[in-house]
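Trainee: I would like to go through this chain with you. Could we take the core, the disulfide and the charged pairs in turn?

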Amino acid sequence: QVQLVESGGGLVQPGGSLRLSCAASRSIFSINAMGWYRQAPGKQRELVAAITSGGSTNYTDSVKGRFTISGDNAKNTLYLQMNSLKPEDTAVYYCKAVFSLLEYWGRGTQVTVSS
């Protein structure tokens, strides 16, 4: 199994930056794929960014050029660097890992972008 714990959320003003972290209970090198999802009030959960064990990345169009997903194998941690934040980025952000045939989710961290 894989346990995931997100951190780094908070309240920021539009145009600000946040760096989310997802600490995994096992080496992320051994995890097939990891990603960040978000769910805003009244909306469906959506994929924000994903990265495979091979290093390929994908981003939803709304965050391209602003967000960067990366991993630190030595620290068993996945990151999401979020720049130029907009109010519409406000959501609970979740870390997901795919390991073997199963997917695992963190509990989420709140990101609020507001003036």
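What follows is a set of short questions and answers on this model.

Mentor: Two ground rules come before we start. This is a predicted model, so local features need pLDDT of at least 70 and side-chain atom pairs count only at pLDDT 80 or more, while totals for chains, interfaces and linings use all residues. Residues are numbered from 1 along each chain as its sequence is written, and side-chain values use heavy atoms, with hydrogens and water left out.

Trainee: Which element gives the most residues to the largest nonpolar core?

Mentor: A nonpolar core is a set of buried Ala, Val, Leu, Ile, Met, Phe, Trp, Tyr and Cys residues joined through side-chain atoms within 4.5 Å. This one has 30 residues, and L4, M34, W36, L80, M82 and Y93 touch the most other members. Elements giving two or more residues include β3 (18–24), β4 (33–39) and β9 (91–99); strands are DSSP E runs of at least two residues, numbered from the N terminus. The top contributor, with 5 residues, is β9.

Trainee: Which two cysteines form the disulfide?

Mentor: The rule is a pair of cysteine sulfur atoms within 2.5 Å. By that rule the count is 1 disulfide. Its S to S distance is 2.1 Å, and the pair is C22 and C95.

Trainee: How many residues apart are C22 and C95?

Mentor: The link is left-handed, with -80° about the S-S bond. C22 sits in strand β3 and C95 in strand β9, so distant parts of the chain are linked, and the separation is 73 residues.

Trainee: Is C95 buried or exposed?

Mentor: Buried means under 20% relative accessible area, exposed over 50%, and partly exposed in between, using a 1.4 Å probe and protein chains only. Its partner C22 has a relative accessible area of 0% and is buried. C95 also comes out at 0%, so C95 is buried.

Trainee: How many salt bridges does the whole structure have?

Mentor: Look for a side-chain nitrogen of Lys or Arg within 4 Å of a carboxyl oxygen of Asp or Glu. One example is D61 with K64, whose closest N and O atoms are 3.0 Å apart. D61 is exposed, at 62% relative accessible area. The search of the whole structure finds 5.

Trainee: Which residue meets R38 in a salt bridge of 2.8 Å?

Mentor: R38 is found in strand β4. R38 is buried, with a relative accessible area of 6%. The partner is partly exposed, at 32%. The residue is E46.

Trainee: How many residues apart in sequence are D89 and R38?

Mentor: The side chains of D89 and R38 meet in a salt bridge of 2.9 Å, N to O. D89 lies in the loop between β8 and β9 and R38 in strand β4, so the pair ties together parts whose separation in sequence is 51 residues.

Trainee: Which residues are linked with R38 and E46 in a network of salt bridges?

Mentor: One of them is D89, which is buried at 1% relative accessibility. Beyond R38 and E46, the network takes in R66 and D89.

Trainee: Where is S100, and what is its phi?

Mentor: S100 lies in the loop between β9 and β10 (102–105). S100 is a residue other than glycine, yet its phi is positive, near 60°.

Trainee: What is the phi of S84?

Mentor: S84 is found in the loop between β8 and β9. At 40% relative accessibility, S84 counts as partly exposed. S84 is not a glycine, but its phi is positive, at about 50°.

Key:
Helices (H or I, at least four residues) and strands (E, at least two) are DSSP runs, numbered from the N terminus.
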